[in-house]
Amino acid sequence: MAKKIQAIRGMHDILPAQAPVWQFLEDQARAVLERYGYSELRTPLVEVTELFKRSIGEVTDIVEKEMYSFEDRGGDQLALRPEGTASCVRAAIEHSLLDQPQRIWYSGPMFRRERPQRGRYRQFHQIGVEVFGLDGPDIDLEVILLTRQLWRTLGLKDLRLEINSLGDADERAQYRDALVGYLEAHFDQLDGDSQKRLTTNPLRVLDSKNPDMRALIAGAPNLLDHLGDTTRTHFETLCAGLDAAGIAYQVNPRLVRGLDYYNRTVFEWITDALGAQGTVCAGGRYDGLVAQLGGRPTPAVGFAMGLERLIELIDTSRIETGPDAYLVAVGERAQADAVRLAERLREQIPALRLLCHCGGGGFKSQFKKADRSGARVALVLGDDELDQGTIGIKPLRDNGEQRNVAIDALPEALTDFARGGGF
Ligand code: ATP
Ligand code: MG
C-alpha cells in the first residue's frame, strides 16, 4: 500500500461532524456584526513579510519565532498571515478607505508556528473587527458591547473582561524607564526570557506566563500611574460607559498584549474553562499603526477572537445537524425514480433539507441509514406508492406511525409536521 500522507502538526481538518458548530459560530457572529453595521473585508492569506515586521514589531513572539515566512520563486519575502490587523490596515490604505470612518470585520485562518497544545494551533481561525477613524472612548465601548452581544447570542457565560490602558507613546516611554529601573534592580530574579526582554521589549516582561515571575511582576510600577490627563480621561470615560452598560470588568494594570502596535485601551475576554489558553478574545486601540504603515494618521481600535477556543465553550446540544428528511426508495421502479423525485420535492419545498438515498439496498438497511443521518422523517417511496402517486411519511425520532399522503400534498403535510414541532 502507498504511504499515507498526514496533515501538518498543529493544522487540523474540520470534519463534517464538527462543521455545524463552526457554521453556527460563524453565522451568529456575522449576524451580530451586521446588526452593528460592520462590513466584511477579505484580504489574501499571504502578504510581504515586511508588513508584519513593521506592524506587530520585530521583538515579539510572533515575528521572532512564529511566522511562516519564505522566499517565493521570484525572490520576494512572503509570510502566511499570523493575524488580521496588519492586512486590514494595508488594504485600507491601499484602497483609500480611510477618508471616512470604517467599521470592518474579517474572518479566516491565521498561521503561527507555536508549540501545538490545547487551544494553541499552527493554523487557527479568528474573526476580528477593525474600526478606523474614530478616536473616542465611545467606539471602544461599542466594540466591547459588540463582543458581549456575541457571547449572549452564542450562549456563553462565565467570560470575564479585563481592561487596561497602555497610554500614548510618550507616556509608555516614561513608564518603560520606570519599569526598566525596577527590573534591573531585580535582575537576578528574572528568567532568561525576561532578561532578554529587559533590553529589547521590557513591557513584554509583564506578559510573562512563567509562574515564578508572578510576585516580581506584581511589585512592578503601575502603568496607570503614568497616564497623562487625556489618556486617563479616555480610560475613565470607557470605564464609566462599561459601568453604565452593566458590564463587569477588572482593570488589570499588567495587561500589555503581545503585539507592539497597541496604545491606550487594551482588553481581553478570558475564560477559566479552557486551562492555560483562556483568552478567547483580545484587542485594543492602535492609533499609530496606520501612519506607521504609510497612511495618514488615523485612530483605530479592534479585536480578534480565537474560534477554536470559542468552539470548545459552545453548548452543541442546541445545534441542529443532519437533513430534515431522508428519502427511502424500495422497489426497482421507485429506486430508479428516487433522485428525480427528490429533485422535484426540493423544487416544491425549497426550505426542505432532503437527503436522497442512493446505491440501492433493502428497506431495513436504508432505514438504518435514514436513522443515522439525523433526519427527523423518512419519506418512503415504494412501487405501490409510485403507482398511487403517494409517498409515506415516517417520523424517525419519536417512533410514530407511517402515514401515506399524495405527493402533491406533501408540502402541506411536511409544513404540518414542522408546525407540530417536527422540524
Ligand atoms: P496568547 O497569549 O494566547 O498567545 P496572543 O496574544 O498571541 O494570545 P492574539 O494575537 O491577540 O493572541 O490573538 C487573539 C486571539 O486569537 C487569542 O486570544 C486566541 O483566542 C487566538 N489565538 C492566538 N493564537 C492562537 C493559536 N496559536 N491557536 C489558537 N488560537 C489562537
Ligand atoms: Mg501568542
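**The surroundings of ligand 1 and a helix pair**

In this predicted model, a polar side-chain atom of Arg-309 is found 3.2 Å from an oxygen atom of ligand 1. The protein buries 91% of the 590 Å² that ligand 1 exposes when taken alone. Three elements each give two or more residues to the shell around the ligand, namely β6 (123–132), β10 (279–285) and β11 (300–306). Of the elements, β10 gives the most, with 4 residues.

The shell as a whole may now be considered. Ligand 1 is surrounded by 17 residues, and the closest are Arg-112, Glu-114, Arg-120, Arg-257 and Thr-279. Sorted by class, the shell has 7 nonpolar, 4 polar and 6 charged residues.

Further polar contacts of the ligand involve both side chain and backbone. An N or O atom in the side chain of Arg-112, one of the closest residues, is 2.7 Å from an oxygen atom of ligand 1. At Gly-119, a polar backbone atom is 3.5 Å from a nitrogen atom of the ligand.

Attention may then turn to a pair of helices. Helix α6 spans residues 169–185 and helix α7 spans residues 192–200; their axes come within 10 Å and cross at roughly 145°. The crossing of these two helices is left-handed. Where they meet, α6 contributes Arg-176, Val-180, Leu-183 and Glu-184, while α7 contributes Leu-198, Thr-199 and Thr-200. By class, this contact of α6 with α7 has 3 nonpolar, 2 polar and 2 charged residues.

Technical notes
Residues are numbered from 1 along each chain as its sequence is written. Chains are lettered from A and ligands numbered from 1 in the order in which they are written. This is a predicted model: local features need pLDDT of at least 70, side-chain atom pairs count only at pLDDT 80 or more; totals for chains, interfaces and linings use all residues. Side-chain values use heavy atoms; hydrogens and water are left out. A residue is near a molecule or strand if one of its heavy atoms lies within 4 Å of it. A polar contact is a pair of N or O atoms within 3.5 Å; within protein, one must be able to donate a hydrogen and the other to accept it, and residues adjacent in sequence count only if both atoms are side-chain atoms. Accessible areas come from the Shrake-Rupley method with a 1.4 Å probe; for residues, only the protein chains shown count as cover. Ala, Val, Leu, Ile, Met, Phe, Trp, Tyr, Cys and Pro count as nonpolar, Asp, Glu, Lys and Arg as charged, and the others, Gly among them, as polar. Axes are lines fitted to C-alpha atoms, for helices over the stretch in contact, and angles run from 0 to 180 degrees between N-to-C directions. A crossing is left-handed if the near helix is turned anticlockwise from the far one by less than a right angle, and right-handed if clockwise. Contact means heavy atoms within 4.5 Å.
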